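This report covers a metal site and the cysteines of one structure. Please look over the sequence and the model before reading on.

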Amino acid sequence: MKPSVPGTGPGDILALIRRSGVCTRAEIQQITGLSRMTVGQRLAPLAEQGLLRDAGPQGRTGGRPPQGLEFNPGQGVVLAAALETTRCRTAVTDLAGRILRTGEPQVSVQAGPRETLDAVCSSLLRLLRDHGTDLSAVRGVGVSLPGPVDPVTGRPSEPPIMPGWDGFAVIEHVSSRTGVPVVVVDNDANAMALGEYVRRGPDGPPLVLIKVSTGIGAGIVIDGEVYQGVDGGAGDIGHVRTHHEGRMCRCGARGCLAATASGWAVAEDLTALGVPAASGHDVQLLLAAGDPHAARLTREAGRLIGDVAATVVSLLSPGTLLLGGDLASTALLSGVRERLYRRTLPRATRHLQVELAAIGGDAALVGITRSVVDRVFAPAAVNEWLAGEGPGEP
Ligand SMILES: [Zn+2]
């Protein structure tokens, strides 16, 4: 079943094609209820602008198979940046989120917003130049941040591990440094969840990604869109109180999930055992090297995360639960599965796939690109622009 669309302008048809992956003219007629002629009229301006391309013959029903249409991902590029607590990646991507060129500016969010974002913007503009493209091809800039982001203003909202970033005007700063008017900012777990969803193909079941790096957060994707909640706080599960009173969390409270099961908590526990580690990334390196303490503590972290994930799964009934971030490993996965299955009814997990995230480090770049493309090619924006009323080409 292809999704239905509320409107029937060219922008709505484009959104339908983007969500479906590939559509034939007959499918568009069927879903929208428009006549063959009207569908042709709606498609014409989209094709004229190069936004559609031929996807080849579809299906085998005898006779000549109908031709499919798909969104043309080559009609421009996106500049994408995925900021983590201690690292940062930048990329030029096409409109489908395919990564064309990447960079790793040597900067950390700890340096504060101005210094960090200036380094990110310089890196993005350098990548664009190296790719042999100029700003006229750039549809927008996307930035993912390792903390809560207000979905309306794009400003970080009391991020516990990003000193100086609270309320900072990220969109305005990035726009002025790059000269690109469209800038989208989101939380990194959201961007990763959307990136994994995109790579799984169109029309997937609801997906939850739990990111376990220096902090813990979750991204929720339903019907191809990130669920933000009332203020962008949806999925911020790192500060759910557990039974463990122990260590003080970075948010100032005690007993938070992140204070026991996050990368920094595991790193502190490892250090106390005589295995020095300072961050989630250090734990990742130890896991990769087969350190038995790292594996044991990560599995234990997985059990605690599994306790919280049991509530998440019971509430949302996703089709996919992914574990991403620095600690994503077989040790973490087995800990999560152990508690999740024990704490839910079989019915709750019957259709659930619990897996490690598939595209790892690229997921946030792919996801934030999708958010930019969704914004630029939103039905209303495309309809307005094609009607000649908009501020210019999207
Ligand atoms: Zn906390």
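## Zinc site

The donor residues of the zinc ion follow the sequence spacing H-x9-C-x1-C-x4-C. Within this set, H239 and C251 link distant parts of the chain: they are 12 residues apart, and each lies in the loop between strand 11 (225-226) and helix 7 (257-261). Helices (H or I, at least four residues) and strands (E, at least two) are DSSP runs, numbered from the N terminus.

The model is predicted: local features need pLDDT of at least 70 and side-chain atom pairs pLDDT 80 or more, while totals for chains, interfaces and linings use all residues. Residues are numbered from 1 along each chain as its sequence is written, and side-chain values use heavy atoms, without hydrogens and water.

## Donors and geometry

Coordination of the zinc ion comes from H239 (ND1), C249 (SG), C251 (SG) and C256 (SG), at 2.0 to 2.3 Å. Donors are N, O and S atoms within 2.8 Å of the metal (3.2 Å for Na, K and Ca); water is not among the atoms, so sites may look incomplete. The site is tetrahedral, with angles of 106 to 119° among the four donor atoms; four donors count as tetrahedral if all angles lie between 85 and 135 degrees.

H239 is partly exposed at 28% relative accessibility, and C251 is partly exposed at 38%. Partly exposed lies between buried (under 20% relative accessible area) and exposed (over 50%), with a 1.4 Å probe and protein chains only.

## Cysteines and disulfides

The count of disulfides (pairs of cysteine sulfur atoms within 2.5 Å) is zero. C88 is in no disulfide, and its nearest cysteine sulfur, that of C121, is 10 Å away. C88 is buried, with a relative accessible area of 5%. C23 is buried at 0% relative accessibility.

Technical notes: Tetrahedral: all angles 85-135°; square planar, octahedral: opposite > 155°, others 65-115°.
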